[in-house]
Amino acid sequence: MEVYDLTGAREMVSLEKAKEIAATIKENASTLKKVIFKTKTYSPEVARVIGGRYMELALDALSEATQLEYLDLSDTLSGLPFDDAQQTFEAFADGIKDLHLKYLDLSDNALGPNGFISCKGLIEVVLVFIIDE
């Protein structure tokens, strides 16, 4: 599978669904080039299941997708308080820190000037790759 697209009806992703998402990413890690998370809301706990560590489990699903070039996190913070949004993006940033993304979509997250801080880690990951290229 080259593209994993979760676009669909708005929903708050549960921990069980996050484990399914992480498993699908891990199963397809060697061929996955594009992941689209848009139109779903990811709490910090859920983002940790997909992007990094959750309750001592080293799931690191995103970090195993070494061919990943395109990550769409647009419209993924709907309804989250600022602190939760920041933690969610930090968890995703942790999962992609060693990847070489060429495209990162953070649009439609109503970040505002202060909210930009919450995606700092994600942007740094992509900028380092672009600058190093």
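In this predicted model, Asp-75 is partly exposed because its relative accessible area is 22%, which lies above the 20% under which a residue counts as buried. Asp-75 belongs to the loop between strand 7 and helix 4, and its phi is positive, at about 55°, although the residue is not a glycine. The protein chain as a whole contains six helices and eight strands. The points below treat the overall architecture, the backbone, helix 4, the aromatic pairs and two selected residues.

**Overall architecture**

- Read from the N terminus, the elements of the protein chain follow the order β-β-α-β-β-α-β-β-α-β-α-β-α-α.
- The protein chain has 133 residues, of which 44% are buried.
- Of the contacts in the protein chain with a separation of 6 or more, 81% are between residues 24 or more positions apart.

**Backbone: positive phi outside glycine**

- Most residues other than glycine have a negative phi.
- Asp-75, with its positive phi of about 55°, is one departure from this pattern.
- Thr-39 also has a positive phi, near 70°, and is a residue other than glycine.
- The position of Thr-39 is in the loop between strand 3 and strand 4.
- Thr-39 has a relative accessible area of 16% and is therefore buried, since the limit for that class is 20%.

**Helix 4 and its packing against helix 2**

- Helix 4 comprises 15 residues, 82-96, and at 1.5 Å a residue it should span 21 Å.
- The C-alpha atoms at the two ends of helix 4 are 21 Å apart, so the span in the model agrees with the expected one.
- The buried residues of helix 4 are Ala-85, Thr-88, Phe-89, Ala-91, Phe-92, Ala-93, Gly-95 and Ile-96.
- In an α-helix there are 3.6 residues a turn, so residues three or four places apart point the same way.
- Two packed helices are described by the angle between their axes and the distance between the axes.
- For helix 2 (residues 44-51) and helix 4, the axes come within 8 Å and cross at roughly 5°.
- Helix 2 is therefore roughly parallel to helix 4, as angles under 35 degrees fall in that class.
- On the side of helix 2, the contact involves Pro-44, Ala-47, Arg-48, Ile-50 and Gly-51.
- On the side of helix 4, the contact involves Asp-84, Gln-87, Thr-88, Ala-91, Phe-92, Asp-94 and Gly-95.
- The residues of this contact of helix 2 with helix 4 comprise five nonpolar, four polar and three charged ones.

**Aromatic pairs**

- Four aromatic pairs are found in a search of the whole structure.
- Phe-37 and Phe-92 form a tilted pair, with 5.3 Å from centre to centre and 40° between the planes.
- This pair links distant parts of the chain, 55 residues apart: Phe-37 is in the loop between strand 3 (34-36) and strand 4 (40-41), and Phe-92 is in helix 4.
- Both Phe-37 and Phe-92 are buried.
- Tyr-70 and Tyr-103 form a stacked pair, with 4.2 Å from centre to centre and 15° between the planes.
- Because Tyr-70 lies in strand 7 (residues 70-72) and Tyr-103 in strand 8 (residues 103-105), this pair ties together parts that are 33 residues apart in sequence.
- Tyr-70 is partly exposed, at 21% relative accessible area, and Tyr-103 is likewise partly exposed, at 36% relative accessibility.
- Ring pairs also join Phe-37, Tyr-42 and Phe-92 into a cluster.

**Selected residues and their contacts**

- Leu-71 is located in strand 7 and counts as buried because its relative accessibility is 0%.
- Apart from neighbours within four places in sequence, Leu-71 is in contact with Val-35, Phe-37, Ile-96, Leu-101, Tyr-103, Leu-104 and Asp-105.
- Leu-71 and Tyr-4 are 67 residues apart in sequence, and their C-alpha atoms are 10.0 Å apart in space.
- Thr-24 is located in helix 1 (residues 15-27).
- Thr-24 and Tyr-4 are separated by 20 residues in sequence and by 8.5 Å in space, C-alpha to C-alpha.
- With residues up to four places away in sequence left out, Thr-24 touches Met-1 and Tyr-4.

Conventions. Residues are numbered from 1 along each chain as its sequence is written. This is a predicted model: local features need pLDDT of at least 70, side-chain atom pairs count only at pLDDT 80 or more; totals for chains, interfaces and linings use all residues. Side-chain values use heavy atoms; hydrogens and water are left out. Helices (H or I, at least four residues) and strands (E, at least two) are DSSP runs, numbered from the N terminus. The expected span of a helix is 1.5 Å times one less than its number of residues. Buried means under 20% relative accessible area, exposed over 50%, partly exposed in between (1.4 Å probe, protein chains only). Axes are lines fitted to C-alpha atoms, for helices over the stretch in contact, and angles run from 0 to 180 degrees between N-to-C directions. Angles under 35 degrees count as roughly parallel, over 145 as roughly antiparallel, 65 to 115 as roughly perpendicular and the rest as oblique. Contact means heavy atoms within 4.5 Å. Ala, Val, Leu, Ile, Met, Phe, Trp, Tyr, Cys and Pro count as nonpolar, Asp, Glu, Lys and Arg as charged, and the others, Gly among them, as polar. Rings of Phe, Tyr and Trp (its six-membered ring) pair if their centres lie within 6.5 Å; planes under 30 degrees apart count as stacked, over 60 as edge-to-face and the rest as tilted.
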